[in-house]
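Here's a quick walk through one model, strands first, then the surface, then a charged pair. Have the viewer open as you read.

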Amino acid sequence: PTPDSRSTFRATDDAPPDAHAWIAQADMKQGSWWPDYAAWLAARSGADKPAPRALGSRAFPPTAKAPGSYVRAA
């Protein structure tokens, strides 16, 4: 994070029983929460694997090409 960054987030390794307890013990951190979240995910994820050549399967065929009609729905 840059020294003049106004972005902050809170984080803690514990899971207190309620929001008030969580906010009381969570540390305030400077910058974006994305790098912290990416590190948390990486610690809980398996190794990278290649993307499939095609989307879907016989049991679950794709219903439309990306981005999908739901994106264009008004």
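Helices and strands here are DSSP runs, numbered from the N terminus, with at least four residues for a helix and at least two for a strand. Keep in mind that this is a predicted model.

Let's start with the strands. β1 covers residues 8–11, and its two faces differ in cover: Phe 9 and Ala 11 sit on the covered face, while Thr 8 and Arg 10 sit on the uncovered one. Its partner is β2, residues 27–30; the two run antiparallel and are joined by four bridges. If you want a landmark for the register, Thr 8 is opposite Gln 30 of β2.

Past β2 comes a loop leading to α2 (34–44), and that's where you'll find Trp 33. Which residues make up the nonpolar patch on the surface? Trp 33 is one of them, together with Trp 34, Tyr 37, Trp 40 and Leu 41, and the patch adds up to about 550 Å² of accessible area.

Now for the charges. How many salt bridges does the structure hold? Just one. It links the side chains of Asp 36 and Lys 29, at 3.9 Å from N to O. Opposite charges on side chains can pair when the charged atoms come close.

Here's how accessible these two are, with Trp 33 alongside:

| Residue | Relative accessibility | Class |
|---|---|---|
| Trp 33 | 43% | partly exposed |
| Asp 36 | 34% | partly exposed |
| Lys 29 | 33% | partly exposed |

Why does Trp 33 count as partly exposed? Because its relative accessibility is 43%, and that class lies between the 20% and 50% cut-offs.

Definitions and conventions
Residues numbered from 1 in each chain as written. Predicted model: local features only at pLDDT ≥ 70, side-chain atom pairs only at ≥ 80, totals over all residues. Heavy atoms only, no water. Buried < 20%, exposed > 50% of the residue type's maximum accessible area, 1.4 Å probe, protein only. Pairing = 2+ DSSP bridges. Patch = residues over 30% accessible without salt bridge, like charges linked within 9 Å, V, L, I, M, F, W, Y side chains within 5 Å. Areas by Shrake-Rupley, 256 points an atom, 1.4 Å probe, with all protein chains shown as cover. Salt bridge = Lys/Arg side-chain N within 4 Å of Asp/Glu carboxyl O.
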